[in-house]
Amino acid sequence: PPPAMGSELVALQATATTSGSISAVSSFFVMCLVARSFLKRRSRSGRVSALDVGGAGIDKSSTAHAAVNPAVAERLVATLSLCDVLASVAFALGEYTLRPVYRPSLCEFQAWAIHVGSLASVGYATALSVDLFISAALRRPEWSPRLEPAYHIIVWAVAVPLAAAAAPGFGDADLWCWSVDSGEQFAYFYAYVTVSFFLNAGLLLATWIRARGDGGDMGSDVTGGASQSAHARRRRLVIRQARHVLAFIFVWLWGILNRLMIFLGQGSFAFSLLHVLFVPLWGALNAAVYAVDLLRRVRLASAATERERRARKARVRAAIESVLTVRYSVCFIPFSAFKAAGRLLSHEEARDRHLLNPVLDTHAQCVAFVRDHATVFFSHQWTGFSHPDPTGRQFELMVLAAQELCAAERLRPSELFIWCDFTSVPQANPYTQALSIGTLGVYASLCEFFVVIAPPVDHVDLGVRCDEQTYRGRGWCRLEQ
């Protein structure tokens, strides 16, 4: 058992245990979220939603133009979190392994977990920096998938041998089981951490300088054709990855300063406290970075859902308004006048001959009229470019259908009112014609009867047969139905 501990040592141990516990839980949380994101993307065959890494709407096709490869970056963050969990659990054990009953196996596990977990975490933070520099500064995001295996190999090829070299010196290091000799601590741990610290800082600075030199484009190969949203997405990807690197620089700044002060003979409780507070807290800071980005993506998804809800509501309102708004007068022609004309008359000809009666200007007038009068809507297809019924065959069937309707409803020809597009819709003026076409749904919905006229007739200009089948394929006819 160690000798009696002073109040400062107790405070340091309590701080390290608390920070490690928070980081262990936070890192596990990040791992769960990353796993959920990965499984969600797999289930959607690689498509990424607003809640997945990189922001809303990124898919595999857009990765080539992103400032960083989001899938590679997320896997690096996930592995970094796994290493954080390992180290944080060991930090959370604190001096427990040193308490009255000495536990050699638990002490050895703690030392190995701190050494391997911390060095691997440092390695993956460096891998994030290198990946960010290559993707955003060198503009080679397509290299990321090819370099990813090398990242993993290098990280573990450094962390495990260094821990193995330090293992013979593991023992009571006051705050936890670890390397006892300060020389071994520097040789097998802090030297690597210090080099990685300055390498991360340098790469992040170089990436920032390159981004500023490019006008904030953050390393896109797309020039001139990229949209503002694509630029914003690339910028968010870079910032999110850079935040993980900044978290590493921040937490290890205090550890390196503390070791430097101890080396210079200026060690103090304040620097030691900052050391044991922030280094074990690294996992929690990484989780905070991930949580901030997650909340942003949740807000984006919520905003997108709200926009879609409003758009649907607007479409419903527009649809309701479209069947209640008469943009151009409803022009009926009595069946008696329609039949007496002997052919389909254009709107202008029927108007000039004063055959259009009634002409209703409001929806309320239309509702009142159709409530007291029989009305029929004839739906048909045009069999010529200049005239809808050059052969007169459709007109004959319209008259026949109207006669049968009068017989069935016991109406006189003057009591049945017809709406037919060529006669009821302006043909000469394209502006009034557009208004009338925009009211087509209102016309069809107001009439009491709806009759389809689709006899087999050849189109005089195209030479093709027009019949019931071609009628069903006409957009205007489907709209009228």
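**Exercise 1. In this predicted model, work out how many cavities of 30 Å³ or more a search of the whole structure finds, and describe the lining of the largest cavity.**

*Solution.* Start with the count: the search over the whole structure turns up one cavity of 30 Å³ or more.

Next comes volume, which is about 70 Å³ for the largest cavity.

Now list the walls. The lining is made up of Asp84, Ala87, Ser88, Phe91, Gly117, Ser118, Ser121, Trp252, Val279, Pro280, Trp282 and Gly283. Helix H3 (70-93), H4 and helix H9 (282-322) are the elements that each give two or more residues to this lining. H3 supplies the largest share, four residues.

Finally, sort the lining by character: six residues are nonpolar, five are polar and one is charged.

**Exercise 2. Find which residues touch the most other members of the largest nonpolar core, then follow the contacts of Trp252.**

*Solution.* Begin with the core as a set. It holds 62 residues, and those that touch the most other members are Trp176, Phe248, Trp252 and Trp282. Helix H4 (residues 104-137) brings the largest share, 14 residues.

Then take Trp252. Setting aside neighbours within four places in sequence, Trp252 contacts Ser118, Val122, Phe189, Tyr190, Val193, Phe197, Val279 and Trp282. Look back at the cavity for a nice link: Ser118, Val279 and Trp282 line it, and so does Trp252.

To finish, look beyond this set. A second, separate core has 26 residues, including Phe335, Leu356, Phe395 and Ile418.

**Exercise 3. Characterise the largest pocket by its volume, its lining and the elements that contribute to it.**

*Solution.* The volume is about 430 Å³. Of the 25 lining residues, Ala173, Leu175, Trp176, Arg259 and His275 are the closest to the centre of the pocket. Trp176 should be a familiar name, having appeared among the residues that touch the most other members of the largest core.

Now turn to the elements. Two or more lining residues come from each of helix H1 (7-43), H4, strand S2 (177-179), helix H6 (182-213), helix H7 (228-263) and helix H8 (269-278). The largest share, four residues, belongs to H7.

By character, the lining splits into 16 nonpolar, six polar and three charged residues.

**Exercise 4. Decide whether Phe263 is buried or exposed, and place Phe263 relative to Ser182.**

*Solution.* First locate the residue: Phe263 sits in helix H7. Its relative accessibility is 70%. The cut-off for exposed is over 50%, so Phe263 counts as exposed.

Last, compare sequence with space. Phe263 and Ser182 lie 81 residues apart in sequence, while their C-alpha atoms are 9.4 Å apart.

Methods
Residues numbered from 1 in each chain as written. Predicted model: local features only at pLDDT ≥ 70, side-chain atom pairs only at ≥ 80, totals over all residues. Heavy atoms only, no water. Core = buried A, V, L, I, M, F, W, Y, C linked by side-chain atoms within 4.5 Å. Buried < 20%, exposed > 50% of the residue type's maximum accessible area, 1.4 Å probe, protein only. Contact = heavy atoms within 4.5 Å. 1 Å grid on protein atoms, 1.4 Å probe; cavity = no way out; pocket = protein on both sides within 12 Å on 5 of 7 lines; lining within 4 Å. Points joined across faces, edges and corners; volume = space filled by probe spheres on them. Nonpolar A, V, L, I, M, F, W, Y, C, P; charged D, E, K, R; others polar.
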